[in-house]
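Me: I'm new to this and could use a hand. Could you pick one part of this structure and walk me through it slowly?

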Amino acid sequence: QEQLVESGGGLVQAGGSLRLSCAASERIFSINVMGWYRQARGKQRELVAFITRGGSTNYADSVKGRFTISRDTAKNTVYLQMNSLKPEDTAVYYCNAIPQLPFWGQGTQVTVSS
């Protein structure tokens, strides 16, 4: 069964760090560009970062220099290392492919306190 399972969120103070993980089924992970998205309350979901099968990465301007996306092929897992977190990073974080698959995981809540 194809699935996306995000984990690693939590409550952290501004300036702190978190590492998110996304476990995907092997088929999803092997054929797609994988990305991390986030949705803050009252806002649309936005793409934060993505990584190609070859390891090339791209970041939204708002997180560039603070977040790092990576993937572990052996574990079918995508990671998002988030450093220097800001209150405006507070959101539910999701992983998905690019283009998006027709389903989403449950997401993981990240809350950054000031």
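What follows is a close look at the hairpin of β7 and β8 and at what lies around it.

Reply: Happy to. First, a bit of housekeeping: this is a predicted model, so local features need pLDDT of at least 70 and side-chain atom pairs count only at pLDDT 80 or more, while totals for chains, interfaces and linings use all residues. Residues are numbered from 1 along each chain as its sequence is written, and side-chain values use heavy atoms, with hydrogens and water left out.

Start with the two strands themselves. β7 covers residues 67-72 and β8 covers 77-82. (Strands here are DSSP E runs of at least two residues, helices are H or I runs of at least four, and both are numbered from the N terminus.) β7 and β8 pair in the antiparallel sense, over six bridges; to count as paired, two strands need at least two DSSP bridges between them. If you want one spot to check by eye, find T68: its bridge partner in β8 is Q81. Four residues sit between the two strands, and one residue in that turn, N76, has a positive phi of about 50 degrees.

Now look along β7 and notice its two faces. F67, I69 and R71 are on the covered face, whereas T68, S70 and D72 are on the uncovered one. That every-other-residue pattern fits a general rule: in a regular strand the side chains alternate between the two faces of the sheet.

The hairpin also feeds the inside of the protein. Both β7 and β8 supply at least two residues each to the largest nonpolar core, which has 28 residues. (A nonpolar core is a set of buried Ala, Val, Leu, Ile, Met, Phe, Trp, Tyr and Cys residues joined through side-chain atoms within 4.5 Å; buried means under 20% relative accessible area, exposed means over 50%, and partly exposed is in between, using a 1.4 Å probe and protein chains only.) Among the other contributors of at least two residues are β3 (18-24), helix α1 (26-31) and β9 (91-98). The residues with the most contacts inside this core are W36, L80, M82 and Y93, and β8 spans 77-82, so look for L80 and M82 on that strand.

Next, what comes close to the turn? Helix α1 is where R27 belongs, and R27 and N76 are 9.1 Å apart, C-alpha to C-alpha, despite being 49 residues apart in sequence. R27 counts as partly exposed because its relative accessibility is 46%. R27 also forms a salt bridge with E2, with the closest N and O atoms 2.4 Å apart. (A salt bridge needs a side-chain nitrogen of Lys or Arg within 4 Å of a carboxyl oxygen of Asp or Glu.) That pair links distant parts of the chain, as E2 is in the segment before β1 (4-7), 25 residues from R27. E2 counts as partly exposed too, at 30% relative accessibility.

Then check the loops on either side of the hairpin. The side chains of R66 and D89 meet in another salt bridge, 2.7 Å from N to O. R66 lies in the loop between β6 and β7 and D89 in the loop between β8 and β9, so this pair ties together parts that are 23 residues apart in sequence. D89 is buried, with a relative accessible area of 1%, and R66 is buried as well, at 10%. There's a bit more to it: R38, E46, R66 and D89 are linked in a network of salt bridges. Within it, E46 pairs with R38, their closest N and O atoms being 2.7 Å apart. R38 is buried at 5%, but E46 is partly exposed at 35%. In total, the structure holds five salt bridges.

Finally, follow the chain on to β9. C95 of this strand is joined to C22 by a disulfide, with an S to S distance of 1.7 Å (the cut-off is a pair of cysteine sulfur atoms within 2.5 Å). The pair links strands β3 and β9, across 73 residues, and both cysteines, C22 and C95, are buried. The torsion about the S-S bond is about 45 degrees, so the disulfide is right-handed.
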